[in-house]
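Open the model in your viewer and keep the selection panel at hand. The stops below are given in the order in which to select them.

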Amino acid sequence: MQPDQVTIYTDGSCLGNPGPGGWACLLECGERKSELFGSHPNTTNNRMELEAVIQALRALTCPRTVHLVTDSVYVKDGLTKWIVGWKKKGWVTAEKKPVKNQELWQELDRLAAQHTIQWKWVKGHATDARNNRCDALAQYAARNQSRSREVAASRT
């Protein structure tokens with residue numbers, strides 16, 4: 001892997017929908033690895049999936065080529081397919097309804113523009129060990145309403 005490349009795995013979890021939620025991300029840049037996670041007391045699974053990617057991209061201190069691995073079709077398709085139309089239509093869907101989680105999509109769009117992102121979807125709760133680790137961390141954060149101690153200190 002090149003020094004300007006980072007691989008990011010993300011996941012979100014929600015105990016109930018809405019309910020207590022958690023997000024997690026793993027960042028790998030060469031030999032350097034970071035695990036970040038956090039929570040929200042009352043949220044949805046989709047918001048936590050978005051938050052995981054947002055927090056991962058916020059952890060990057062300079063533009064990178066990002067290999068982003070997610071089990072969320074919602075996040076992947078939202079940023080690679082749907083967002084162009086949402087912005088053209090003034091943040092309304094094809095059904096003329098307001099886009100849900102608009103503020104998170106806008107923040108994700110702003111952060112993603114700073115990097116070159118290559119998206120990869122993996123099946124959740126399956127054979128990808130890093131995705132499973134993210135899932136476990138997001139569930140831990142949701143259950144315990146906790147945040148990783150590395151969030152402020154870990155920058156890739």
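Begin with helices H1 and H3, which run roughly parallel to each other because the angle between them, about 30°, falls under the 35 degrees that counts as such. This is a predicted model. The axes of H1 and H3 lie 10 Å apart, and the crossing of H1 past H3 is left-handed. To see the contact, show Arg47, Leu50, Glu51, Val53, Ile54, Leu57 and Arg58 on H1. On H3, show Glu103, Leu104, Trp105, Glu107, Leu108, Leu111 and Ala112.

Next, keep Leu57, Trp105 and Leu108 selected and add Ile8, Leu27 and Val66: in the largest nonpolar core, of 32 residues, these six touch the most other members. Strands S1 (5-14), S2 (19-29), S4 (65-70) and S5 (116-121) each supply at least two residues of this core, as do helices H1 (45-58), H2 (73-88) and H3 (102-112). H1 gives the most, with 7 residues. Another core, of 10 residues, lies apart from it; select Tyr9, Ala24, Cys134 and Ala141 among its members.

From Ala141, move to Ser146, in the segment after helix H4 (129-144). Is Ser146 buried or exposed? Its relative accessibility is 16%, so Ser146 counts as buried. Beyond its neighbours within four places in sequence, Ser146 is in contact with Phe37, Gly38, Ser39, Tyr140 and Ala141.

Finally, colour by pLDDT. The chain mean is 92, and 94% of residues reach 70 or more. Select residues 151-155, where pLDDT stays under 50; the model has 11 contacts beyond four places in sequence for them. Where pLDDT is low, the predicted coordinates should not be read in detail.

Definitions and conventions: Residues are numbered from 1 along each chain as its sequence is written. This is a predicted model: local features need pLDDT of at least 70, side-chain atom pairs count only at pLDDT 80 or more; totals for chains, interfaces and linings use all residues. Side-chain values use heavy atoms; hydrogens and water are left out. Helices (H or I, at least four residues) and strands (E, at least two) are DSSP runs, numbered from the N terminus. Buried means under 20% relative accessible area, exposed over 50%, partly exposed in between (1.4 Å probe, protein chains only). Contact means heavy atoms within 4.5 Å. A nonpolar core is a set of buried Ala, Val, Leu, Ile, Met, Phe, Trp, Tyr and Cys residues joined through side-chain atoms within 4.5 Å. pLDDT is the predictor's confidence in each residue, from 0 to 100. Axes are lines fitted to C-alpha atoms, for helices over the stretch in contact, and angles run from 0 to 180 degrees between N-to-C directions. Angles under 35 degrees count as roughly parallel, over 145 as roughly antiparallel, 65 to 115 as roughly perpendicular and the rest as oblique. A crossing is left-handed if the near helix is turned anticlockwise from the far one by less than a right angle, and right-handed if clockwise.
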